[in-house]
Amino acid sequence: MEWIQVADSAVKIGLGAVIAGISTYATIKAKSNSDKEKIKLENRIALLQQASQDLENSFANARRFLNRMPVKVSSIEEGEKISDKEYFQNLKPELVKLEDSIAESSIYLNRAISNLTLVGFTTEDRALKLGITDTFNLRDDLFFERQRYSSQELNNLRMKIFRQHATLNEQIADFFMDL
């Protein structure tokens, strides 16, 4: 074998090795990017599922409060006309019993908002907190004796918050479908 044939064989082998190396690198890089995207999507879905569960827990706790208040107020209204002081005194024990529901609702809501922000859900926090904030405001109005509500007003607020909950679930479902 002459040196030219040796050099020719070396170039062919080297060039083949370089081509194989480049194609292997490109394949691994593409697969790696695909795997990264898959992992990112799986993580986003997990965060969205956790956020959805936290929202459900938040609204469930708020519902516990909202379902009980009209019943209690209705029972207070059944008797004779009472003063504001008596109205709030009659409500106070029920408010104290339900305080944990409101506190848990807040905790779940804040965690849900954090997770939704991480996955890129664009509904403003204000819109998301609206229903629960109404519940917190109601609790504060009653607990700190700022405003007296009729059972009808409480039922109307309860229905408003339930509609907001349904709307929010639809928005999250639409967002999920766009992932």
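# Exercises on contacts and burial

F121 is buried, with a relative accessible area of 10%, where buried means under 20% relative accessible area, exposed means over 50% and partly exposed lies in between (1.4 Å probe, protein chains only). The model is predicted, so that local features need pLDDT of at least 70 and side-chain atom pairs count only at pLDDT 80 or more, whereas totals for chains, interfaces and linings use all residues. Residues are numbered from 1 along each chain as its sequence is written, and side-chain values use heavy atoms, with hydrogens and water left out.

**Exercise 1.** Describe the geometry of the aromatic pair that F121 and F175 form, and state which parts of the chain the pair ties together.

*Solution.* Rings of Phe, Tyr and Trp (its six-membered ring) pair if their centres lie within 6.5 Å, and planes under 30 degrees apart count as stacked, over 60 as edge-to-face and the rest as tilted. The structure holds 3 aromatic pairs. One of them joins Y87 and F88, with 5.0 Å from centre to centre and 85° between the planes, which is edge-to-face. Both Y87 and F88 are buried. The pair of F121 and F175 is edge-to-face too, at 5.4 Å centre to centre and 90° between the planes. Because F121 lies in the loop between α2 (84-119) and α3 (125-143) and F175 in helix α4 (residues 151-177), this pair ties together parts that are 54 residues apart in sequence; the helices are DSSP runs (H or I, at least four residues), numbered from the N terminus. F175 counts as buried, at 17% relative accessibility.

**Exercise 2.** Find the salt-bridge partner of R111, and say whether each of the two residues is buried, partly exposed or exposed.

*Solution.* A salt bridge requires a side-chain nitrogen of Lys or Arg within 4 Å of a carboxyl oxygen of Asp or Glu, and the structure holds 11 of them. The partner of R111 is D54, with the closest N and O atoms 2.7 Å apart. Since R111 lies in helix α2 and D54 in helix α1, the pair ties together parts that are 57 residues apart in sequence. Their C-alpha atoms are separated by 6.9 Å. With a relative accessible area of 42%, R111 is partly exposed, while D54 is buried at 0%.

**Exercise 3.** Trace the network of salt bridges to which E99 belongs, and give the N-to-O distances for the pairs R139 with E99 and D141 with R146.

*Solution.* The network links E99, R139, D140, D141 and R146. Within it, the closest N and O atoms of R139 and E99 are 2.9 Å apart. That pair links distant parts of the chain, R139 being in helix α3 and E99 in helix α2, 40 residues apart. R139 is buried at 15%, whereas E99 is partly exposed at 30%. The side chains of D141 and R146 meet at 3.3 Å, N to O; here D141 is buried at 14% and R146 is exposed at 55%.

**Exercise 4.** Compare the span of α4 with its expected value, and list the residues in α4 that are buried.

*Solution.* The expected span of a helix is 1.5 Å times one less than its number of residues. For α4, which has 27 residues, the reach from first to last C-alpha is 39 Å, close to the 39 Å expected. The buried residues in α4 are S151, L154, L157, I161, H165, L168, I172 and F175. M177, also placed in helix α4, counts by contrast as exposed, at 66% relative accessibility.

How values were computed:
Helices (H or I, at least four residues) and strands (E, at least two) are DSSP runs, numbered from the N terminus.
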